[in-house]
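Q: Please take a close look at one part of this model, the shell around the ligand, and then set out how the helices and sheets are arranged. I would like one connected account that keeps to what can be read from the coordinates.

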Amino acid sequence: MCQRRVWLDHYEETPTDLPPIGVIQQGIEHEARLLQATAPHVVTIPVNSWQQGVETTQTLLRQTRVEVIDGAYLEIPYQDAIIRGRLDRLQKLQHRYQVIEIKNHSRLQPTDLIQMDLYLWMLDQISDRSVAGEFWLGRNGTILQRVSHEYDEQRLMTALHQVLVLLGQREAPDVLLKQHCKLCPWHDPCTETASNQLHLTLLTGMRKDTLQDFQRQGITSLQQIVMMLPADLQKIKGIKSNALALHTQARAWVAGHPVWYRPLPTICLQGGWMFDIETDPYTGVVWCIGWCDDTGKSEIALVAPHISQPTPFTLLTGETITLVPDADRAWETFALGVIGDNRPIFHWTNFDATMLRKTAPEVVRDWVGHRLYDLHQIVNQTVKFPVKSTSIKAIAGYLQFRYAVYEAWDAAFNDYQLWLSRDDLTAITRACAYQRDDVLALKVVWQWLTESQSDPTHLT
Ligand code: SF4
């Protein structure tokens with residue numbers, strides 16, 4: 001997925017101070033639950049080093065009474081390198097080995113296929129049995145689908161060759177910040193490198209061919225873009241009506257502060273409400289709605305299928321939310337909460353408004369549908385911040401807003417599931433803190449926009 005990561009993983013010491021990332025924690029828990037559920041009688045063998053893990057695995061492979069090894073260590077030499085793999089599960093079936101890889105997603109990624117190719121190829125090198133692989137796709141300790149793997153040696157060799165060529169380079173490949181970077185241990189150092197270099201990758205929404213065209217023209221830093229006119233930028237591939245926005249973004253990075261380029265729509269000056277929804281990533285159904293007024297007074301409606309009517313519920317923090325039996329009641333509770341006036345209701349991106357239009361009861365759409373305003377779009381069309389992303393977390397974070405527990409919707413969903421399955425009050429208190437912070441973050445951004453508007457120098 002990233003050449004730079006391959007190089008850094010090999011030559012640099014991996015940062016240990018990693019941020020807690022919900023999706024990774026969720027994957028670890030999912031895997032542990034599945035392994036336990038499908039092999040209840042486990043004998044744990046502690047190992048103190050990689051080498052000991054490899055030796056223990058080899059010993060177990062020779063023992064006929066051992067049929068399943070979870071967390072098997074494999075290692076083989078390859079050209080000048082040593083290749084290592086840690087398998088979720090290795091099963092001995094009559095005359096062959098089967099590798100099980102557990103994935104916490106519903107669709108296989110190209111990298112999953114190469115990972116399995118690699119494990120099968122390694123096993124083939126060290127044993128005389130035939131080998132096969134199977135993916136278990138699922139979530140929350142449940143298998144949703146089993147997929148047999150089709151081994152492709154050409155695909156594997158191409159990937160291995162690319163790695164060896166990469167590791168022969170003296171310098172790390174250029175930094176290229178993308179969505180997947182937030183899951184990477186090198187996220188902070190890479191972002192710092194890009195910031196120090198005022199690298200073009202800092203611009204959001206940059207297409208690959210746009211980046212290549214910039215490089216072809218010898219434009220490699222944001223300082224060069226600032227020196228150009230927006231009209232000149234339109235000669236670059238993929239840049240048309242967004243030239244001014246892009247130019248302003250470059251100015252914000254070079255200046256180190258937000259830069260305005262259009263006045264704020266007057267609707268923002270009326271004050272109003274902020275709202276945000278959380279949905280099940282697998283079914284798309286709303287499980288939580290949060291909202292607050294422009295003073296930050298917030299409320300939450302949380303779907304609890306075991307109750308029959310809206311009920312107050314106290315979290316561990318002493319805060320009270322409303323439990324509702326289903327998504328429709330959540331929408332209605334939200335609408336009743338904001339119906340006292342006719343002021344705008346701000347949300348971040350089109351997602352919340354689309355969900356309201358498509359899934360909320362008709363009465364809710366009638367009450368509040370005409371009052372929705374996308375604050376994300378308003379920000380994008382008026383002011384640029386020196387941050388890589390336009391997510392609410394990034395913009396509010398720039399404005400010094402800090403989430404109390406975590407910033408990950410998937411961690412909140414995971415906590416919600418824990419509460420549903422185990423009545424875990426700590427978990428639902430965390431999930432609600434996240435929901436509340438999401439609307440408070442909106443309020444912080446809205447407040448900054450309106451206060452900056454009253455500063456007469458803001459458009460200079
Ligand atoms: S943060 Fe992004 S660019 Fe840096 S190594 Fe990780 S994936 Fe690559």
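A: For the residue classes used here, Ala, Val, Leu, Ile, Met, Phe, Trp, Tyr, Cys and Pro count as nonpolar, Asp, Glu, Lys and Arg count as charged, and the others, Gly among them, count as polar. With those classes, the shell around the ligand divides into 6 nonpolar, 2 polar and 1 charged residues. The model is a predicted one, and in it the ligand is surrounded by C2, R5, L176, H180, C181, C184, W186, H187 and C190.

From the shell we turn to the packing of helices. Helix α1, residues 3-11, packs with helix α5, residues 153-167, at an angle of about 60 degrees, their axes being 10 Å apart, and the two are therefore oblique to each other. Their crossing is right-handed. On the α1 side the contact involves Q3, V6, W7, H10 and Y11, which meet V163, L166 and L167 of α5; by class this contact has 6 nonpolar and 2 polar residues, with no charged ones.

Helix α5 also meets helix α4, residues 110-126, where the two axes come within 9 Å and cross at roughly 100 degrees, so that α4 and α5 are roughly perpendicular to each other. L113, I114, D117, L118 and W121 of α4 make this contact with E153, R155, L156, M157, A159 and L160 of α5, and the residues involved divide into 8 nonpolar, no polar and 3 charged.

Next come the sheets. One is an open sheet of 5 strands in the order β1-β2-β3-β4-β5, with mixed pairing; its edge strands are β1 (68-78) and β5 (142-148), each of which pairs on one side only, and the twist from one strand to the next averages 40 degrees. Strand β4, residues 130-139, runs antiparallel to β5 and is joined to β5 by 6 bridges, with G138 standing opposite I143 in β5. Helix α3, residues 50-62, lies across β1, β2 (81-93) and β3 (96-103), and runs at about 115 degrees to β1.

Another open sheet has 7 strands in the order β10-β11-β9-β8-β7-β12-β13, again with mixed pairing. Because β10 (311-314) and β13 (372-374) stand at the edges with a single partner strand each, one side of each is left without a neighbour in the sheet. Within this sheet, strand β9 (298-303) and strand β11 (320-324) pair in the parallel sense over 3 bridges, and L302 has L323 in β11 as its bridge partner.

Helix α11, residues 327-338, lies across β7 (273-279), β8 (286-293), β9, β11 and β12 (345-347), running at about 5 degrees to β8. Helix α17, residues 425-453, packs on the sheet as well, touching β7, β8, β9, β10, β11 and β12, and its direction makes about 140 degrees with that of β7.

Helix α11 packs in turn with helix α12, residues 350-359, at an angle of about 115 degrees and with the axes 11 Å apart, in a crossing that is left-handed. D328, W331 and F334 of α11 make the contact with D352, M355, L356 and T359 of α12, and by class it has 4 nonpolar, 1 polar and 2 charged residues.

Note on methods:
Residues numbered from 1 in each chain as written. Predicted model: local features only at pLDDT ≥ 70, side-chain atom pairs only at ≥ 80, totals over all residues. Heavy atoms only, no water. Axes fitted to C-alpha atoms, helices over the stretch in contact; angles between N-to-C directions. Helix = DSSP H or I, 4+ residues; strand = E, 2+ residues; numbered from the N terminus. Parallel < 35°, antiparallel > 145°, perpendicular 65-115°, else oblique. Left-handed = near helix turned anticlockwise from the far one by under 90°. Contact = heavy atoms within 4.5 Å. Pairing = 2+ DSSP bridges. Near = heavy atom within 4 Å.
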